[in-house]
Amino acid sequence: MARVFITGSTDGLGRAAAASLLRDGHEVIVHARSARRVPALQHLLDRGAQLVTGDLSIEEEVRQIAAEASGIGGIDAVIHNAGVLDGPALLPVNVVAPYLLTALIPGPRRLIYLSSGMHRGGDTGLEGLDWAGRTTTASYSTTKLQVTALSAAVARLVPSVASNAVDPGWVPTRMGGRSAPDSLELGHRTQEWLATSDDPAALASGGYWYHQRRKAPHPAVMDIQFQDALLARLAAHTGVTLEAL
């Protein structure tokens, strides 16, 4: 059985993945943005899930989340599920937080980053971006392009870790809306499979997945120059490099 840490677990795909993994006998660490959101996780805590809290849009709190999760120890996989759709928090939550948590949580051999089919419309420009989130300087599509490239960069630089990105589809969550056409069940199954399965395909690294099938991402995702430039910007902003892995 695996111990899996899932960010953004209070609703949607994160909460569904946590419930499914607990049902299958795995240990789960769930995450809530604040104490006010914890009641949404009570049914999972009652079943043995462990909890960390913190706002992923605030760098100091991301570092605290990493410390708390590391203190629990024995984390086999991290599902970087949390995300926002718009506003100034886009870069901090969708890109900076996954980067910091990747660098600061030691031990996981499997990392799963939530992407989106919308990443194909992202902008590869890195100039003028407000990584601190004081203003809105990137689109949702751009942040998903960046986090998908982050996943590929980790796969390239850290061969001992299976790092993959997942497009869950347009699913009926709070973010996706009730009329979303894709299956909520299929929307979280790939993340769980990548986090826990011994299937050789699930142990591979560097993939971009949709419903347990590898797909071709935006060409920039596999562009080493783009990956390195993105990592350099994130390291300069946070003062942390992926050498911490």
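This is a dialogue on reading the strands, helices and loops of a predicted model.

Trainee: Where should I begin with the sheet, and what is the order of its strands?

Mentor: Begin with the order of the strands, and then ask how each pair of neighbours runs. In this predicted model there is an open sheet of eight strands in the order S3-S2-S1-S4-S5-S6-S7-S8, and its pairing is mixed.

Trainee: Which strands stand at the edges of the sheet?

Mentor: Strand S3 (50–53) and strand S8 (213–214) stand there, and because each has a single partner strand, one side of each is left without a neighbour in the sheet. Helix H3 packs on the sheet and touches S1, S2 and S3, with its direction at about 160 degrees to that of S3. Helix H5 packs on the sheet as well, where it touches strand S5 (110–114), strand S6 (162–166) and S7, and its direction makes about 165 degrees with that of S5.

Trainee: How do I read the pairing itself, and which strands run parallel to S1?

Mentor: Look at the bridges between two neighbours and at the sense in which the strands run. Strand S1 (residues 3–6) runs parallel to S2, to which four bridges join it, and S1 also runs parallel to S4, here with three bridges. For individual positions, Ile6 has Val30 of S2 as its bridge partner, whereas Phe5 stands opposite Val78 in S4. Further along, S4 and S5 pair in the parallel sense over four bridges, and the partner of Ala77 in S5 is Arg110.

Trainee: Which pair is antiparallel?

Mentor: Strand S7 (residues 208–210) pairs with S8 in the antiparallel sense over two bridges, and Tyr210 has Arg213 of S8 as its bridge partner. The loop between these two strands holds His211 and also Gln212, both of which deserve a look at their backbone angles. Phi of His211 is near 55 degrees, a positive value in a residue other than glycine, and phi of Gln212, likewise positive in a residue other than glycine, is near 65 degrees.

Trainee: Are those two loop residues buried or exposed?

Mentor: The answer lies in between, for which the cut-offs are needed: buried means under 20% relative accessible area and exposed means over 50%. His211 has 22% and is therefore partly exposed, and Gln212, at 32%, is also counted as partly exposed.

Trainee: How would I judge burial for a strand, and which way do the residues of S4 point?

Mentor: Check each residue of the strand along with the direction of its side chain. From S4, Ala77 and Ile79 point one way while Val78 and His80 point the other way, and all of them are buried. Strand S2 (residues 27–32) is mostly covered, with five of its six residues buried.

Trainee: What does Asn81 touch, leaving aside its neighbours within four places in sequence?

Mentor: Asn81, found in the loop between strand S4 (77–80) and H4, is in contact with Ile6, Thr7, Gly8, Leu13, Gly14 and Leu114. Its relative accessibility is 13%, so Asn81 counts as buried.

Trainee: How do I read a helix, and how many residues of H5 are buried?

Mentor: An α-helix has 3.6 residues a turn, so residues three or four places apart point the same way. Helix H5 (residues 140–157) has 18 residues and reaches 26 Å from its first C-alpha to its last, close to the 26 Å expected at 1.5 Å a residue. H5 is mostly covered, since 16 of its 18 residues are buried. One residue in H5 is Ala153, which counts as buried because its relative accessibility is 0%. Not counting residues up to four places away in sequence, Ala153 touches Gln227 and Leu231, and the C-alpha atoms of Ala153 and Gln227 are separated by 5.8 Å although the two residues are 74 residues apart along the chain.

Trainee: What should I look for where two helices meet, and at what angle do H3 and H4 cross?

Mentor: Look at the separation of the axes, the crossing angle and the residues that make the contact. The axes of helix H3 (residues 59–72) and helix H4 (residues 90–104) come within 9 Å and cross at roughly 35 degrees, and the crossing is right-handed. H3 makes the contact through Glu59, Val62, Arg63, Ile65, Ala66 and Ser70, and H4 through Ala97, Leu100, Leu101 and Leu104. By kind, the residues of this contact are seven nonpolar, one polar and two charged.

Conventions. Residues are numbered from 1 along each chain as its sequence is written. This is a predicted model: local features need pLDDT of at least 70, side-chain atom pairs count only at pLDDT 80 or more; totals for chains, interfaces and linings use all residues. Side-chain values use heavy atoms; hydrogens and water are left out. Axes are lines fitted to C-alpha atoms, for helices over the stretch in contact, and angles run from 0 to 180 degrees between N-to-C directions. A crossing is left-handed if the near helix is turned anticlockwise from the far one by less than a right angle, and right-handed if clockwise. Contact means heavy atoms within 4.5 Å. Ala, Val, Leu, Ile, Met, Phe, Trp, Tyr, Cys and Pro count as nonpolar, Asp, Glu, Lys and Arg as charged, and the others, Gly among them, as polar. The expected span of a helix is 1.5 Å times one less than its number of residues. Buried means under 20% relative accessible area, exposed over 50%, partly exposed in between (1.4 Å probe, protein chains only). Two strands pair if DSSP finds at least two bridges between them.
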